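Colleague: Got a minute to walk me through this model? I'd like to start with a sheet and then jump around a bit.

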Amino acid sequence: MGIIYNEKRKTFSLQTKNTTYQLKIGNLDYVKHLYYGPKMCDEDLIYLIRQYDRGFSGNPYDSLQERTFSLDAQPQEFTTQQQGDFRINSIEVQNADGSFSFNGRYKSHRICEGAFTLQGLPTAFATEQDTVDTLELVLEDAVTKVQVTLFYSVFFEADMIMRAARVHNGGNGTIQLKRIMSMNMDYLNGADMDLISLPGRYGLERQVERQPLTHHVHKIRSGRGISSHQQNPFIALADRSANEEYGSCYGFSLMYSGSFLAEAELDQYDQARLVMGINDRLFSYAVEAGEDFDTPAVLMTYTHDGLGGMSRRYHDFFRNNLNRSKFVKDVRRPVLLNTWEAAFFDFDDVKLVEIARAAKKMGVEMIVMDDGWFGKRDDDNSGLGDWYVNEKKIRCGLTKLVQQINDLDMKFGIWFEPEMVSEDSDLFRAHPDWAMEIPGRHAVRSRNQLALDLSRKEVQDYLIESVNRILDSANIYYVKWDINRAITDLWSNSLPADKQGEVSHRYVLGLYRVMDGIIKTHPDIMFEGCAGGGGRFDSAMLTYFVQYWSSDNTKPLDNLKLHYGSSFVYPVSSMGAHVSEASPMVPFETKAAIAMCGTFGYELDSTKLCEEEILACKKMSEQYHKYYDLNFFGDYYRLSNPFEPVNLVAWETVAKDKSEALLTVVTVNVTMNGPQEYIKCKGLRPDLFYTVEGDGNVITASGTALMHAGIPVPREIPEYTAFLYHLKAVKD
Ligand code: GLA
């Protein structure tokens, strides 16, 4: 059992294989947070908390004359509102009588088997290999009867805890949620903690930023209606001394694809607090009497094996517990060529077949027809929303086109951008009120398109029906699901004035319903997500998409940073990465080595390649298959940091049984007459010997030597050379 409740002490110890999380029903039935860290036996850690009379930090009325108990200084599982805790809060609710107050105290709990699920929101699931138990802990405000149920699903083997909160309005009138976080996390001492986040921009997502936690509120957020290029709904709190291999790290991944918020602060006593959930900006949600509101889930882990250890936890979990698609594990994903950078909008059926024929020689197994095949779509000013084939371009019709590609023994993939509408489209002409626009104002245009109001059921139904119609009309193997703008002009014509604060969240719920209706009903189709690259790359999306297009930036050197940052939480098997014509100074082989730190494919015009390039690509496609299992299922190690002035950028994937590894080294700078450089491996078995091949030399050395002395990387080579070292254990 992963959850131990000690009735006498009133402690709950959530035990995973390597961690313990402890909470306790404490003074006046407030639920205290006591511990999260390395595994310990079921002891009572209440001794950690000392109470003092804290000036200007009030005391609950029923603590009587006791001046040492203040919620302002107590570590808690979820916060109250207006009860004397002035730190960042998890809830802001306006009660039916207009008051802003929530005094949540322990009411009841239950422990059950399996993982919790949420209404309309994705969650992680238990696998057969793991034992999962859930604690549901109910806090109640005795006056308003508003309840908050805290959920904790404990994934024992995976060392992961999934959390969320459900608000239940047990009173008589309607309440307004102004802010509701998925979780609150308190630390007794955060003075030596760093906050790590993954900021970026369009074309350069998920860069790594690390900064000390200080005495102000750090906000990591997106208000863009999508989880965004600019911030990712993942953060880590790590000991200042934590590095790739050692040190305490706490990871938090929010399973939400809309505007989100993470706030962290160091309080006046150097305690740290973190909350994470739906962004409270432009948000309010009415919960009627008797109704519930669910927050998205957070996937939380702790490790003392440094940032690398934390990342590997997430990689395993994301590969095992998020998505049941057969393309995650059972069916190998084909090498694809996407036509976007090959032709943009300028193609027809004949050109696509030509591209496919040439691509076949490169070892490409699937052609993806990108934007431009539907409605009136010759540029990005029109056509979105009209999900029927443009027969001026695809003259033979979709079914026949796919047949022609299949006749080449290749698979066929197609692009959609379901959530959007062009003003110049039949859909907009028929339903102008389906686009998000605030009455009396003009909507913000972005890429000259508007967002559909996905909070409306009729819009959701239209999308499910029109996209499914295309998917069922031909032998489609793959879909790229794109969104190319942020969501603004939050307004829904289907909601009354006092519910307009719900639109942003209802959009996300609507999106998940649409994806359920399209993706979950097509288990034989492989779905890749995209948001102008990686603008909505999050753990919720990975419950639908087996992979996500990392970035519209296919420049290989930028991708070194992009993949490094993404790998903090996302596995190689989820990161779409292609070889393109960008950065001609970088050899094809190096581009391929970098794209193999992702799902690998091409984004170029195969008909323009010379014979030599075609052969090089063929070799690279074969390599992708050769190393598929290592890359997709192995343990990933970052060996150098491309954000530092390094000459070599390297990473490695090691088979779970440690019998094999693939080490990739990219030379980004070769100094004249410089020192010999070595790359030190990680994760090998110290006592095994490995043969190492990849730069023309063959080495046989022990895991200890390879990890602590390293592999000498050739010096007299051009810049941007990449080496793929294959390490194979020598049989005893
Ligand atoms: C976005 C995607 C690209 C491509 C274009 C098509 O920018 O990220 O890969 O699909 O849209 O319009």
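Modeller: Sure! There is an open sheet of six strands, in the order E32-E33-E34-E39-E36-E37 with antiparallel pairing; strands (E, at least two residues) and helices (H or I, at least four) are DSSP runs numbered from the N terminus, and two strands pair if DSSP finds at least two bridges between them. Before we go on, this is a predicted model, where local features need pLDDT of at least 70, side-chain atom pairs count only at pLDDT 80 or more, and totals for chains, interfaces and linings use all residues. Residues are numbered from 1 along each chain as its sequence is written, and side-chain values use heavy atoms, with hydrogens and water left out.

Colleague: Thanks. Which are the edge strands of that sheet?

Modeller: Strand E32 (635-638) and strand E37 (698-702), each pairing on one side only.

Colleague: And how many bridges join E34 to E39?

Modeller: Seven, between residues 660-667 of E34 and 722-729 of E39, which run antiparallel. Leucine 663 stands opposite tyrosine 725 in E39.

Colleague: Switching topic: why is strand E14 described as largely enclosed?

Modeller: Five of the six residues of E14 (234-239) are buried, so the rest of the structure largely encloses this strand. Buried means under 20% relative accessible area (1.4 Å probe, protein chains only).

Colleague: Which strands does E14 bridge to?

Modeller: Strand E11 (193-197) is joined to E14 by five bridges, running antiparallel, and five bridges also join E14 to strand E15 (249-254), again antiparallel. Alanine 236 is the bridge partner of isoleucine 196, and in E15 alanine 236 has glycine 251 as its partner.

Colleague: Nice. On to helices: how far does H4 reach from its first C-alpha to its last?

Modeller: H4 (349-360) has 12 residues and reaches 16 Å, close to the 16 Å expected at 1.5 Å a residue; the expected span is 1.5 Å times one less than the number of residues.

Colleague: What caps the N-terminal end of H4?

Modeller: Aspartate 348 does, with a side-chain oxygen 3.2 Å from the backbone nitrogen of valine 350.

Colleague: And what do the buried residues of H4 pack against?

Modeller: Their neighbours include H3, strand E21 (336-338) and helix H11 (611-626), with contact meaning heavy atoms within 4.5 Å. Among the buried residues of H4 are Leu352, Val353 and Ile355.

Colleague: Is alanine 343 in H3 buried or exposed?

Modeller: Buried, because its relative accessibility is 8%. Alanine 343 lies in H3, residues 340-343.

Terms used:
Buried means under 20% relative accessible area, exposed over 50%, partly exposed in between (1.4 Å probe, protein chains only). A polar contact is a pair of N or O atoms within 3.5 Å; within protein, one must be able to donate a hydrogen and the other to accept it, and residues adjacent in sequence count only if both atoms are side-chain atoms.
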